[in-house]
Amino acid sequence: MTRRTRGWGGVATMAAACALTVAAALSPLGAGQLDVGRLRGAPAPAPAGGPVAHSRYAAATDSGSCTDPEASLSPSSGSTDGAAVERIKKRGRLIVGVDQNSYLWGFRDPATGAIDGFDIDIVKAIAQNILGSESKVQYLTVPTAKRIEDVQQHKVDMVVRTMTINCDRIKDVAFSTAYFEAGQQLLAPKDSPITGFDDSLDGKRVCTASGSTGYAKLQEGSHGARITTVDNQLDCLVLLQLGQVDAVFTDNALAAGQAAQDPAEHLVGKPVTKEPYGVAMNLGDQDLVRRVNQVLASYEAGGVNSAWMQAYRTWLAKDLPDVTGPPQPTYK
């Protein structure tokens, strides 16, 4: 195996800067003890009972019963200040599951130690609305495969972590309206023969996060690729840099951030799914869902001068150009 040193001074520097595969609780100001987990470089077995279809199109085949997973509770359809919101106010802080490894979305700035990104700006807007201060947040870093479990068990009030709304997941958690739309796409070295999600993947090693929509799409049809799974999506980039996989399959919004970290990689082919991101909450916290939708409506209002567009220009415009605004909200 040839070790390829790329971006950020190579894998060792990136690992130190990002603290890969973190599962530790952080303080309300973002500081805390970090428990760096184990990077799994070998292909992982499918989940017990066989693969679970997570993509919105695979899930839509479930008796045709799910036709609009993105429809959420309207702020005007009920209380926005019920038991769940009162629980947060009484506690005095908002507990949110985030990522600190997704550059541009939710990442720990190595210079300041703060967690920043597009998703984090949304968290701050929610905290400001409910608690009167964007700093009254306890950030918990959660791996991709633990997001739903942590919401269901009320370990967090919500997850804001590039989480796709789809027909499977709305059975387990409640989502806000979509605040961004991405798509699954391949990230590969610029000298790679891989051209897209096609037969150029035959025999290639492709990495994706377990429990992700990318994993579900690969299970549907991998074009002959050998699949490697990891708990946290950024670990795929490390494996790519080490030469242990040939490509990464993930949301193009995340992949654009990884390409920005490592100019030796680039997006190839076209997006093959639609991935609407939403804020995930407990199914029983309907007042909180309405409250978050109320916050998002305000956050997204104002056209080019909206808080949403300001965050887009700050974090995403350079690497994800030509986005004109947030998705149009849909309500039940």
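User: Which elements are included in what covers the buried residues of α10?

Analyst: This is a predicted model, in which local features need pLDDT of at least 70 and side-chain atom pairs count only at pLDDT 80 or more, while totals for chains, interfaces and linings use all residues. Residues are numbered from 1 along each chain as its sequence is written, and side-chain values use heavy atoms, leaving out hydrogens and water. Helices (H or I, at least four residues) and strands (E, at least two) are DSSP runs numbered from the N terminus, and contact means heavy atoms within 4.5 Å. The cover of the buried residues of α10 includes β3 (106-108), β4 (115-116), α4 (118-131), β8 (180-182) and α9.

User: Within what arc do the buried residues of α10 fall?

Analyst: In α10, which spans residues 307-315, the buried residues (under 20% relative accessible area, 1.4 Å probe, protein chains only) are W308, M309, A311, Y312 and W315. Taking directions from the helix axis to the C-beta atoms, these buried residues line one face of α10, because they fall within an arc of 160°.

User: Which element gives the largest share of the largest nonpolar core?

Analyst: A nonpolar core joins buried Ala, Val, Leu, Ile, Met, Phe, Trp, Tyr and Cys residues through side-chain atoms within 4.5 Å, and the largest one holds 47 residues. Elements giving two or more residues to this core include α3 (83-91), β1 (94-98), α9 and α10. The largest share, nine residues, comes from α4.

User: Which residues does L288 touch, not counting those up to four places away in sequence?

Analyst: L288 is among the residues that touch the most other members of the largest nonpolar core. With that sequence limit applied, L288 touches A84, V85, I88, I130, D157, M158 and M281.

Note on methods:
Buried < 20%, exposed > 50% of the residue type's maximum accessible area, 1.4 Å probe, protein only.
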